[in-house]
Amino acid sequence: MKTQLFFGALAYSLSLLSTEVQAGTPACISLKERSAERNEVVVFSEDFDQKSRIPDSEYWSFIPAGAPAWQKHMSESVGEASVKKGKLILRARKKDGIYRCGGIWSLGKIAFGPGHRIEVGARFGRLAPGAWPGIWLMPEKPIYPGWPACGEIDIMEHLNCDDFVYQTVHSHFIHHHTAAGPSGDQRTPKIDIKVFHRYAVEISDDALVFYIDDVETFRHMNLHLPDERQRMQWPFKTRYYLILNLALGGWAGEIEDAELPVEMEVDYVRVTKLSEE
């Protein structure tokens, strides 16, 4: 029965990928009106509407360089992560022979758990081979230690010059107990990545539901397994912090220096409370 439930959910998720995403929708159209119409409760909103070039330190920190491939070239500098005219501008470039990438995260400052929708308006402009922008979530206090058991939620990842993005779930169960692939990658329908889109995920105790421009693209179900502690299928019942970054190399492959610099532009971050109905 559990096996049938899983593959039924998987088939449903794959069928959603045939849904055409409406391209070219401006990210910030009528956010207040849309929120009021849906009776949404906004619990966090960041419009990057400020005079300082430095992202608001109450909510964000520069991401330091680290061992993981995506973090290798993080510069922890306003030169690669800055606010300009109401937008967060993340850059990836080669300066003085060194790769430098921009990124911010809310680690240790704000985090959100089940019962919330996290939405980010972003576009990528001209990207290049080796470019790897991401909008994603990691657990503040993991239920299961280590990666991928801790449970990673990728609201959006884009590689190189593709005309689609990935929305991905990582867990011990996905990596070791299913036929969904080593990382459960889900390619979205074709979109124009050079214009703003609204990338979102809704987190509940029963599912992770992904969207682009309010079109559902992928649904990952909680199977409520009786041996959950052993199979670790649902590590998502915890609070998550947000990561916004533009990396080079790693999963995106070989970097072409001649195509640098590249940019990722973030218009807003918005977190709303899901309806209990």
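**Exercise 1. Find how many cavities of 30 Å³ or more the whole structure holds, and list what lines the second largest.**

Solution. A search of the whole structure gives two cavities of 30 Å³ or more. On a 1 Å grid over the protein atoms alone, a cavity is a set of points where a 1.4 Å probe fits but cannot get out, and lining residues have an atom within 4 Å of a point. Points are joined across faces, edges and corners, and a volume is the space filled by probe spheres set on the points. The second largest cavity has a volume of about 30 Å³. Its lining consists of Phe-44, Trp-60, Ser-106, Ile-110, Phe-112, Leu-242, Val-269 and Val-271.

Next, look at the aromatic residues. Phe-44, Trp-60 and Phe-112, which are among the lining residues, also belong to one aromatic cluster with Phe-48 and Tyr-59.

**Exercise 2. State what kind of model this is and how confident the predictor is in the protein.**

Solution. The model is predicted: local features need pLDDT of at least 70, side-chain atom pairs count only at pLDDT 80 or more, and totals for chains, interfaces and linings use all residues. Residues are numbered from 1 along each chain as its sequence is written, and side-chain values use heavy atoms, with hydrogens and water left out. pLDDT is the predictor's confidence in each residue, from 0 to 100. The protein averages 86, and 82% of the residues score at least 70. Over residues 1-29 pLDDT stays under 50.

**Exercise 3. Describe the surroundings of Thr-272, beginning with its secondary structure.**

Solution. The protein has four helices and 16 strands; these are DSSP runs, helices being H or I of at least four residues and strands E of at least two, numbered from the N terminus. Thr-272 sits in strand β16, residues 262-273.

Is Thr-272 buried or exposed? Buried means under 20% relative accessible area, exposed over 50%, and partly exposed in between (1.4 Å probe, protein chains only). Thr-272 has a relative accessible area of 2%, so it is buried. In the protein, buried residues make up 54% of the 277 residues.

Contact means heavy atoms within 4.5 Å. Leaving aside neighbours within four places in sequence, Thr-272 is in contact with Glu-40, Val-41, Val-42, Val-43, Gly-115, His-116 and Arg-117. Arg-117 in turn lies over the face of Tyr-211, 4.8 Å from the ring centre; the rule asks for CZ of Arg or NZ of Lys within 6 Å of the ring centre and within 35 degrees of the ring normal.

**Exercise 4. Classify the pairs Phe-210 with Phe-218 and Trp-234 with Phe-236.**

Solution. Rings of Phe, Tyr and Trp (its six-membered ring) pair if their centres lie within 6.5 Å; planes under 30 degrees apart count as stacked, over 60 as edge-to-face and the rest as tilted. The count by this rule is 13 aromatic pairs. Phe-210 and Phe-218 are stacked, at 5.2 Å centre to centre and 20 degrees between the planes. Trp-234 and Phe-236 are edge-to-face, at 4.9 Å and 80 degrees. Phe-210 and Phe-218 are both buried, and so are Trp-234 and Phe-236.

**Exercise 5. Place Trp-251 and Leu-107 in their loops.**

Solution. Trp-251 lies in the loop between β15 (240-248) and β16. Its relative accessibility is 36%, so Trp-251 is partly exposed. Trp-251 and Trp-132 are 119 residues apart in sequence and 7.7 Å apart in space, C-alpha to C-alpha.

Leu-107 is in the loop between β6 (103-105) and β7 (116-123). With a relative accessible area of 35%, Leu-107 is partly exposed.

Conventions: On a 1 Å grid over the protein atoms alone, a cavity is a set of points where a 1.4 Å probe fits but cannot get out, and a pocket is an open set with protein on both sides within 12 Å along at least five of seven lines; lining residues have an atom within 4 Å of a point.
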